[in-house]
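Reader: Please take a close look at one part of this model, the second largest pocket, and then set it beside the other features of the chain.

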Amino acid sequence: MSGQITPSEWKLMRIIWESKEPLSLKDILNPLETEVEWSTSTVRTLLARLVNKQIVGVDKTSGHFKYYALVEKEAFQKQETKSFLDTVYEGSLKLLITAFVKDRKLSKNESKRLLEMIDELEDGIND
């Protein structure tokens with residue numbers, strides 16, 4: 001698995017991750033129709049990029065290409081989040097959280113949940 005993926009590639013990955021079975025190009029195009037106006041060749045190009053990045057696999061044995069995820073959604077999200085944190089905030093979770101809450105008013109419930117999550121993390125470190 002190599003490289004980050006673009007917002008357009010994320011759209012395809014969400015569809016692929018939702019499916020339990022490998023998907024044909026048509027299976028991927030159908031849910032996209034209401035969201036974007038991409039041509040078949042655009043989606044084919046995006047899929048080829050995901051295959052080259054080793055994020056998506058392709059089964060060519062049935063006569064129709066069938067696409068499937070090579071990486072778990074949660075694992076990939078974790079990797080992308082770490083990459084973002086390292087690149088933008090030099091690995092500092094404190095800077096990320098500060099930037100996030102500084103420009104956004106948190107509700108009492110959100111603040112409470114954030115503190116609970118921090119406590120859980122600290123408990124895990126101290127165990």
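Author: In this predicted model, the second largest pocket has a volume of about 170 Å³. Its lining is made up of 13 residues. Those nearest the centre of the pocket are Ile16, Trp17, Ser19, Ala69 and Val71. Three elements each give at least two residues to this lining: helix 1 (7–18), strand 2 (66–69) and helix 4 (73–89). By class, seven of the lining residues are nonpolar, one is polar and five are charged.

The largest pocket makes a useful comparison. Its volume is about 230 Å³, and its lining consists of Leu93, Ile97, Leu114, Met117, Ile118, Glu120 and Leu121. The elements that supply two or more of these residues are helix 5 (93–102) and helix 6 (108–126). Helix 6 contributes the most, with five residues. Six of the lining residues are nonpolar and one is charged, while none is polar.

Glu120, one of the residues lining the largest pocket, also takes part in a salt bridge. Its side chain meets that of Arg113 at 3.5 Å, N to O. Arg113 is partly exposed, with a relative accessible area of 37%. Together with Glu116, these two residues form a network of salt bridges.

Helix 1, which helps to line the second largest pocket, also has a part in the largest nonpolar core. This core has 22 residues, and those with the most contacts inside it are Leu12, Met13, Ile28, Val43 and Leu47. At least two core residues come from each of helix 1, helix 2 (25–32) and helix 3 (40–52). Helix 1 provides the largest share, six residues. Leu12 shows how such contacts are spread along the chain: leaving aside residues up to four places away in sequence, Leu12 touches Ile28, Leu32, Trp38, Val43, Leu46, Leu47 and Leu50. As a general matter, nonpolar side chains tend to be buried together in soluble globular proteins.

Helix 1 also holds a charged residue that pairs with a distant part of the chain. The side chains of Glu9 and Lys53 meet in a salt bridge of 2.9 Å, N to O. Glu9 lies in helix 1, whereas Lys53 lies in the loop between helix 3 and strand 1 (56–59), and the two are 44 residues apart. Glu9 is buried, with a relative accessible area of 0%. Lys53 counts as buried because its relative accessible area is 18%, and the cut-off for that class is under 20%.

Helix 4, another element that lines the second largest pocket, has a salt bridge within its own length. Here the side chains of Asp86 and Lys82 meet at 2.7 Å, N to O. Both residues belong to helix 4, and they are four residues apart, about one turn of the helix. Asp86 is partly exposed, with a relative accessible area of 34%. In total, the structure holds five salt bridges.

To return to the part you asked about, the second largest pocket draws on helix 1, strand 2 and helix 4 for at least two lining residues each. Of these elements, helix 1 also supplies six residues of the largest nonpolar core and carries Glu9, the partner of Lys53. Helix 4 holds both members of the Asp86 and Lys82 pair.

Terms used. Residues numbered from 1 in each chain as written. Predicted model: local features only at pLDDT ≥ 70, side-chain atom pairs only at ≥ 80, totals over all residues. Heavy atoms only, no water. 1 Å grid on protein atoms, 1.4 Å probe; cavity = no way out; pocket = protein on both sides within 12 Å on 5 of 7 lines; lining within 4 Å. Points joined across faces, edges and corners; volume = space filled by probe spheres on them. Nonpolar A, V, L, I, M, F, W, Y, C, P; charged D, E, K, R; others polar. Core = buried A, V, L, I, M, F, W, Y, C linked by side-chain atoms within 4.5 Å. Buried < 20%, exposed > 50% of the residue type's maximum accessible area, 1.4 Å probe, protein only. Contact = heavy atoms within 4.5 Å. Salt bridge = Lys/Arg side-chain N within 4 Å of Asp/Glu carboxyl O.
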